[in-house]
Amino acid sequence: MHYPRYNTLKRTVTFSLFLFFAVSLSAAESADGKQLLMDSCSNCHQIDMPNKASLTLQEKINRKGPPLYFAGHKYQQAWLENWLQHPRRITPSGGNYWANAVVVTDEGDEIDENKLTAHIAVNQQQAIAITQYLLTLKPFPDLIREGEYTPGKVPRMLAAKDFRKFKGCVACHRDEEGFGGVTGPELYTAMKRLTPEYIASYIRNPTAWEPRSLMPNSHLNDAPIYKLMNYLNIIVEDLP
Ligand code: HEC
Ligand code: HEC
């Protein structure tokens, strides 16, 4: 009778110590997260909210990486923490839509790999701190409908045809590695990278997020949007 009781007590103590530690660390680190972003990332990424309405085309062209000022609506925490430590390409053309790494050939768009550089990586502690700060950035609550999407089933062949042929998403986005457009971010990882609410909202109205988005507004209602998301759920399962 004594043994289990001792064991439980010990676990409680260890657990609360751990909690205490976790909390005090995170308070110190979220301050660092912003500093790290300002020092190492703001050259290429917008961290502070710009005046969206007046974002000029030139400002967009000058951007080197995607904006991060609405990161809190956009990313899944686990993915972000991991990616910052082990970054890999998300947009085949490099993510800077205006540059230069895409060569148009008779065979279609090809990527000039020499023009693409590897993304900076940070260590685990920095990744946690940066993620913690980024996830506080939620300037557009009106664009997010919390919990709007419930995963549903859709036949794979039909869903692929919808994504590729009927909705034309594949012209700019890949739905499997090595297949599809190169100007938009790959979408076979979307359900791991992005929050479902952000995905739905982005498809609904790209320019609400990105005033100079290259993505056409397809004027889709909720049902076809969720159907596309059900497809994203199928293809994310293909990942190793
Ligand atoms: C030299 C410019 C440059 C610097 C410096 C840089 N990035 Fe990036 N970042 C990029 C580009 C370009 C992409 C797009 C890559 C892609 O889509 O494949 C990107 C992509 C990202 C993404 C994924 C964006 C998305 O939604 O697709 C995140 C998150 C990110 N960077 C965070 C950071 C953080 C944090 C730092 C600082 C530690 C940083 N970056 C420093 C250029 C940069
Ligand atoms: C003409 C090219 C084009 C087409 C067609 C297109 N997109 Fe996009 N999409 C983009 C680009 C480029 C981005 C990156 C941000 C931006 O500029 O809007 C994007 C961003 C996205 C995002 C946000 C992803 C992220 O990482 O931030 C989602 C989700 C998305 N598109 C889904 C779709 C779906 C679903 C379709 C089909 C209904 C579609 N797109 C059609 C070009 C396109």
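This text walks through a predicted model, from its overall fold to two iron sites and then to two local details.

Start with the whole chain. The protein has 240 residues, and buried residues make up 38% of them. Its secondary structure comes to 10 helices and four strands. Read from the N terminus, the order of elements is α-α-α-α-β-β-α-α-β-β-α-α-α-α. Contacts reach far along the sequence. Take those between residues at least 6 apart: 68% of them join residues at least 24 apart.

Now turn to ligand 1. Which protein atoms hold its iron atom? The donors from the protein are NE2 of His45 and NE2 of His119. They lie 1.9 to 2.0 Å from the iron atom. Six donor atoms surround the metal in total, with angles of 88 to 179° among them. The site is octahedral. For six octahedral donors, the ideal angles are 90 or 180 degrees.

Where do the two histidines sit in the chain? His45 belongs to the loop between helix H1 (2-40) and helix H2 (57-62). His119 belongs to the loop between strand S2 (108-111) and helix H5 (124-134). These places are 74 residues apart in sequence, so the pair ties together separate parts of the chain. The burial of the two can be put side by side. His45 has a relative accessible area of 15%, so it counts as buried, the limit being under 20%. His119 has 36% and is partly exposed.

The shell around ligand 1 holds 23 residues. Cys41, Cys44, His45, Tyr75 and His119 come nearest. By class, the shell has 13 nonpolar, seven polar and three charged residues. H1 and helix H4 (77-85) each supply at least two residues. H4 gives the most, with three. Polar contacts add detail. An N or O atom in the side chain of Tyr75 is 2.5 Å from an oxygen atom of ligand 1. Thr91 places a polar side-chain atom 2.8 Å from an oxygen atom of the ligand. His119 appears here too: an N or O atom of its side chain is 2.8 Å from a nitrogen atom of ligand 1.

Ligand 2 is next. Its iron atom is coordinated by His173 through NE2 and by Met215 through SD, at 2.0 to 2.2 Å. The six donor atoms around this iron atom subtend angles of 84 to 179°, so the arrangement is octahedral. The pair links distant parts of the chain, 42 residues apart. His173 lies in the loop between helix H6 (156-166) and strand S3 (174-176). Met215 lies in the loop between helix H9 (206-209) and helix H10 (222-236). Is each of these donors buried or partly exposed? His173 is at 11% relative accessibility, so it counts as buried. Met215 has a relative accessible area of 27% and is partly exposed.

Around ligand 2 there are 24 residues. Cys169, Cys172, His173, Tyr202 and Met215 come nearest. The shell divides into 14 nonpolar, five polar and five charged residues. Helix H8 (residues 196-204) brings the largest share, four residues. Three side chains make polar contacts with this ligand. Ser213 has a side-chain N or O atom 2.5 Å from an oxygen atom of ligand 2. A polar side-chain atom of His173 is 2.8 Å from a nitrogen atom of the ligand. For Tyr198, a polar side-chain atom lies 2.9 Å from an oxygen atom.

Follow the chain from Met215 into helix H10, where Leu228 sits. Leu228 is buried, with a relative accessible area of 4%. What does Leu228 touch beyond residues up to four places away in sequence? The partners are Asp162, Phe163, Lys167, Cys169, Ile203 and Leu220. One of them, Cys169, is also among the residues that come nearest to ligand 2. Between Leu228 and Ile199 the C-alpha distance is 9.9 Å, and 29 residues separate the two in sequence.

Last, go back to H5, the helix that follows the loop of His119. Asn123 caps its N-terminal end. A side-chain oxygen of Asn123 lies 3.1 Å from the backbone nitrogen of Gln125. Within H5, the buried residues are Ala127, Ala129, Ile130, Thr131, Tyr133 and Leu134. An α-helix has 3.6 residues a turn, so residues three or four places apart point the same way.

Terms used. Residues are numbered from 1 along each chain as its sequence is written. Chains are lettered from A and ligands numbered from 1 in the order in which they are written. This is a predicted model: local features need pLDDT of at least 70, side-chain atom pairs count only at pLDDT 80 or more; totals for chains, interfaces and linings use all residues. Side-chain values use heavy atoms; hydrogens and water are left out. Donors are N, O and S atoms within 2.8 Å of the metal (3.2 Å for Na, K and Ca); water is not among the atoms, so sites may look incomplete. Four donors count as tetrahedral if all angles lie between 85 and 135 degrees; four count as square planar and six as octahedral if opposite donors are over 155 degrees apart and all others between 65 and 115; anything else is irregular. Buried means under 20% relative accessible area, exposed over 50%, partly exposed in between (1.4 Å probe, protein chains only). A residue is near a molecule or strand if one of its heavy atoms lies within 4 Å of it. A polar contact is a pair of N or O atoms within 3.5 Å; within protein, one must be able to donate a hydrogen and the other to accept it, and residues adjacent in sequence count only if both atoms are side-chain atoms. Ala, Val, Leu, Ile, Met, Phe, Trp, Tyr, Cys and Pro count as nonpolar, Asp, Glu, Lys and Arg as charged, and the others, Gly among them, as polar. Contact means heavy atoms within 4.5 Å.
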